[in-house]
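This report describes the strands, the nonpolar cores and the charged side chains of one protein chain. The sequence and the model are shown first.

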Amino acid sequence: MSALTAVAGLLLGFFGLPTLVNSPTARPVVVTVTVPAAPATSAGASESSSPTPSPETSTTDADDPRSIPAPPPLPTGTVALKDLTPLGDWGADTVGLSTATLGGKSHQNAIILRYPCQDPVAYGLNERYKSLTLTTGLDDNGLAKPGKLTVTGDGRPLKSVMLEINRPQTVTVDLTGVVTLAFDIDISEGSFCNPDGVVIALADAVLRS
C-alpha cells in the first residue's frame with residue numbers, strides 16, 4: 001500500500017491538481033457578482049407620467065352669485081292668490097286668512113285687510129299671470145265706513161272698486177305684463193287702528209296664467 005500511495009502522490013504532483021479546499025491552510029474564496037446598473041434618468045424627469053393635479057378652486061363663496069339658490073318658480077294655471085306669499089315682512093297677523101261675510105254670504109279663506117292698520121299688500125307675479133278675479137267689499141261685521149280699493153300693477157291703477165257695506169263686487173283685472181300686484185285702500189272717513197275697525201275682504205281671489 002505504501003508503494004501505491006507514493007505513486008498517487010507523484011501523479012497528483014505531476015498534473016498540478018489544486019490542494020483540497022478542506023485544508024486548514026486554504027483561503028476562503030470570495031465570489032463577486034456583477035449586477036447591470038439601471039439606466040440613469042435625465043435630470044428633472046418626473047417619476048410619474050401624469051402631472052400632479054392642482055387643487056380645485058372652491059365655488060362656495062357666499063359672494064359668488066352662483067352659490068345663491070334661485071327662488072322656486074311661481075305656479076302656473078289657475079292659482080289661488082292666498083297661496084302666494086306677499087312681498088316684504090308680512091306675517092299671518094297682518095295679512096290673515098279668515099272667513100268673511102259679504103252681503104250676507106260667507107266666504108272661506110278670504111284675505112283680510114284691516115284699515116288703517118297696515119300698508120298696502122303686494123305680490124310678485126313676474127309677468128306670469130294674465131288675469132285676477134275676486135270678490136271684494138267691507139265685511140258685514142266691521143265698521144260701515146265707505147271707501148275705495150284700487151288694484152295696481154307696477155304702480156299703475158288697473159281697477160278701482162267702491163267699498164260699501166252689504167254691497168260686495170266681483171271684478172276681473174287684466175294682469176298682462178304685470179310684475180308686481182298691489183292693493184291700495186282709501187277710506188273716505190278717518191279711522192283708528194283697532195280690532196273692530198274697517199275690515200276689507202278679498203274673497204275667492206284667483207289668478208289665471
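Which residue in β8 does L132 stand opposite? In this predicted model, L132 stands opposite V173 of β8. The sections below place that pair within the wider strand arrangement.

**Overall architecture**

The protein chain contains one helix and 10 strands. Read from the N terminus, the order of elements is α-β-β-β-β-β-β-β-β-β-β. Of the 209 residues in the protein chain, 28% are buried. Among contacts with a separation of 6 or more, residues 24 or more positions apart account for 76%.

**Strand pairing**

Strand β5, residues 131-138, has two antiparallel pairings described here. With strand β8 (residues 169-174), β5 pairs in the antiparallel sense over six bridges. With strand β10 (residues 198-208), β5 is joined by seven bridges, and these two strands also run antiparallel. L132 takes part in both pairings: V173 stands opposite in β8, and L207 is the bridge partner in β10. Strand β5 is also mostly covered, with eight of its eight residues buried.

Strand β9 (180-187) likewise has two antiparallel pairings to report. Four bridges join β9 to β4, and seven bridges join β9 to β6. In the pairing with β4, Y123 stands opposite L181 of β9; in the pairing with β6, L149 stands opposite I185 of β9.

The table collects these antiparallel pairings.

| Strand pair | Bridges | Residue pair |
|---|---|---|
| β5 and β8 | six bridges | L132 and V173 |
| β5 and β10 | seven bridges | L132 and L207 |
| β4 and β9 | four bridges | Y123 and L181 |
| β6 and β9 | seven bridges | L149 and I185 |

**Strand β4 and its two faces**

In a regular strand, side chains alternate between the two faces of the sheet. Both faces of β4 are covered: V121 and Y123 are buried on one side, and A122 and G124 are buried on the other. V121 belongs to strand β4, which spans residues 121-124. V121 counts as buried because its relative accessible area is 1%, under the 20% limit. The C-alpha atom of V121 is separated by 6.7 Å from that of P86, although the two residues are 35 apart along the chain.

**Nonpolar cores**

The largest nonpolar core has 28 residues, and L125, L132 and F183 touch the most other members. At least two residues of this core come from each of β3 (105-115), β4, β5, β6, β7 (156-163), β8, β9 and β10. The greatest contribution is that of β10, with five residues. Apart from this core lies another, of seven residues, which includes A100, L102, A110 and A201. Returning to L125, its contacts beyond four places in sequence are L74, L84, L175, V178, V179, L181 and L207. Two of these contacts also appear in the strand pairings above: L181 stands opposite Y123, and L207 is the bridge partner of L132.

**Charged residues**

Where does D139 lie? D139 is placed in the loop between β5 and β6 (147-153). D139 is buried but has no salt bridge, as the nearest side chain of opposite charge, that of R114, is 7.9 Å away. That distance lies outside the cut-off, because a salt bridge requires a side-chain nitrogen of Lys or Arg within 4 Å of a carboxyl oxygen of Asp or Glu. A polar atom of the D139 side chain does lie 2.7 Å from the backbone nitrogen of N141. Beyond neighbours within four places in sequence, D139 is in contact with T99, A100, T101, L102, I165 and V199. Among these, A100 and L102 are members of the seven-residue core.

How many salt bridges does the structure hold? The structure holds one salt bridge. D83 forms a salt bridge with K82, and the closest N and O atoms are 3.2 Å apart. D83 counts as exposed because its relative accessibility is 53%, whereas K82, at 34%, counts as partly exposed. By contrast, D139 is buried and has no salt bridge.

Conventions: Residues are numbered from 1 along each chain as its sequence is written. This is a predicted model: local features need pLDDT of at least 70, side-chain atom pairs count only at pLDDT 80 or more; totals for chains, interfaces and linings use all residues. Side-chain values use heavy atoms; hydrogens and water are left out. Buried means under 20% relative accessible area, exposed over 50%, partly exposed in between (1.4 Å probe, protein chains only). Lys and Arg count as positive and Asp and Glu as negative; His and the chain ends are not counted. A polar contact is a pair of N or O atoms within 3.5 Å; within protein, one must be able to donate a hydrogen and the other to accept it, and residues adjacent in sequence count only if both atoms are side-chain atoms. Contact means heavy atoms within 4.5 Å. Two strands pair if DSSP finds at least two bridges between them. A nonpolar core is a set of buried Ala, Val, Leu, Ile, Met, Phe, Trp, Tyr and Cys residues joined through side-chain atoms within 4.5 Å.
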